[in-house]
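User: Hi! Could you walk me through the ligand site in this one?
Analyst: Happy to, here it is.
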Amino acid sequence: MRVAVISAEAVPYSKTGGLGDVAGALPKALRSVGVDAFLITPCYLQTKGEYLWHTAIDDLWVDWRGQRFRAKVFYSEANGSPTFLIDAPEYFHRDSIYGYREDYERFAFFNHAALELIRRLGAAPDVVHLNDWHCGFAAVEIAHLRFWESYWRNTRTFFSIHNLAYQGAFDAGELWKFGFSSDFERNAFAFNGHASALKAGLSASDLLSTVSNRYAFEIQTAQEGYGLDWLLRERADRLIGVTNGVDYDVWNPEKDSYLGAHYNAWNIEGKRECKRQLLEQFSLPVDLERPIFANITRLTAQKGIDLMMAVAGEILATGSYIVSLGSGEQKYEDFWQRLRDYAPNQVGVFRGYNEDLAHKIEAGADMFMMPSKFEPCGLNQMYSLRYGTIPIVRAVGGLDDTVQNFDAVSGTGNGFKFRDYSPDKFLEKIYEALFAYYDKDAWRKMQWNGMTVDNSWENAARKYVGLYRMITGK
Ligand code: ADP
């Protein structure tokens with residue numbers, strides 16, 4: 001089984017969120033269960049030179065907007081699988097990975113170049129695994145090419161939704177520039193008077209998946225479907241939830257190279273040292289008995305920052321610490337900064353993106369807050385489980401699937417979750433968590449339950465292979 005995974009971001013080459021973690025780890029996981037998987041991703045300005053092992057192709061000629069466009073392709077295995085990085089400075093060497101008016105054109109080019117690259121690499125893949133709106137273009141192109149080029153005849157497309165909220169909308173008048181001119185192609189993109197790359201991927205791919213069972217259900221409702229719920233209901237027999245895995249080579253407190261001390265489920269002593277170092281790093285007074293509530297996220301409304309804002313004062317009133325790492329919307333950045341100014345001995349804030357600190361916070365904190373409005377899968381709650389940091393989450397999407405409420409009597413469960421998007425409900429769980437925190441045996445049991453859960457990629461990879469078999473008949 002030969003599988004090309006295509007993604008706009010992939011760790012360690014690039015990352016803005018969970019998609020990067022997933023796309024970086026999936027090909028390696030697929031290879032470990034016998035799939036001939038390789039990854040195609042852009043080479044950004046942000047991609048570190050040390051990851052570009054050598055030039056694979058110096059002259060990838062791409063027919064693009066009526067011209068011949070020359071791109072370069074680098075090769076690497078820094079993520080544990082063969083990876084091809086498409087280098088087109090005009091599109092990808094920019095100050096940030098996303099956020100430009102013509103993002104749709106940048107990724108339309110990326111998709112088109114990726115298919116050209118696949119041809120150059122030899123045997124046609126059995127499956128092209130596409131991710132999020134950035135890859136919707138390739139779904140349509142392959143569906144079209146299957147009729148015209150024997151090379152693609154047996155290739156099937158698999159489209160994973162990591163976040164339905166990002167749709168890649170643009171003016172449908174642009175489609176012809178990218179070579180999409182047939183009725184079939186235009187219809188695939190058509191959405192609310194615009195073109196949507198996400199809608200194209202959802203309608204033209206052979207099979208759809210999303211990153212948790214619960215989210216697969218939620219996106220078929222008008223409330224969470226972003227106008228596409230009708231299409232997802234129509235294709236419900238082709239939509240399957242596969243919960244993301246955790247790359248335990250990267251997120252594992254036993255050998256995490258970012259940490260000053262190591263620990264595991266059996267011997268958790270090192271976590272105390274990580275906590276001490278974390279408090280010192282944020283210049284907070286070191287009192288190891290007080291709990292640290294943490295949060296690491298893109299600061300957008302999706303992540304329930306409003307709920308955190310509403311309860312932060314109550315948390316501080318209990319004498320606890322709060323530590324926050326993130327960047328995003330100004331009002332949220334301002335809030336964390338104000339909170340820090342208000343209680344400089346209890347609050348630690350880092351504004352920006354910082355991989356090193358993300359690991360240190362997972363290890364040093366006691367509780368992780370994730371009260372998301374919606375959450376396709378969520379990774380940080382799974383990292384928290386492995387690091388013995390108790391997740392307090394809203395019961396939506398992957399958070400609902402991966403966190404079980406702790407029951408002090410039976411000793412079952414690995415965290416706390418609430419359903420209604422309300423500060424009171426969130427606060428109830430925070431108090432419950434605090435109550436458990438001061439009961440050392442209960443806390444240790446809960447940590448054990450979380451740290452021994454197996455959220456490894458292997459389970460997910462096996463599910464994907466089953467689905468690939470279903471569409472290829474192999
Ligand atoms: P999303 O993909 O919606 O951002 P996920 O929970 O699936 O949410 O994944 C987020 C990933 O991005 C996690 O690996 C998290 O640690 C990381 N992350 C988010 N913000 C930051 C930041 N400011 N610094 C470092 N890592 C971050």
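User: Which helices and strands each supply at least two residues of the shell around the ligand?
Analyst: Helix H1 (18-32), strand E13 (292-299), strand E14 (321-328) and helix H13 (380-386) do. Helices (H or I, at least four residues) and strands (E, at least two) are DSSP runs, numbered from the N terminus. E13 gives the largest share, three residues.
User: What should I know about the model?
Analyst: This is a predicted model, where local features need pLDDT of at least 70, side-chain atom pairs count only at pLDDT 80 or more, and totals for chains, interfaces and linings use all residues. Residues are numbered from 1 along each chain as its sequence is written, and side-chain values use heavy atoms, with hydrogens and water left out.
User: Cool. How many residues surround the ligand?
Analyst: 19, and the closest are Gly18, Asp21, Arg298, Lys303 and Gly352. To be near, a residue needs a heavy atom within 4 Å of the molecule.
User: And where does the ligand lie relative to the domains?
Analyst: Between domain 1 (2-245 + 458-472) and domain 2 (269-453), because both give residues to the shell. The bounds come from an automatic or database domain assignment.
User: Back to the strands: how do E13 and E14 pair?
Analyst: In the parallel sense, over eight bridges; strands pair if DSSP finds at least two bridges between them. Phe293 stands opposite Ile322 in E14.
User: Why is E14 largely enclosed by the rest of the structure?
Analyst: Because six of its eight residues are buried, meaning under 20% relative accessible area (1.4 Å probe, protein chains only).

Notes. Buried < 20%, exposed > 50% of the residue type's maximum accessible area, 1.4 Å probe, protein only.
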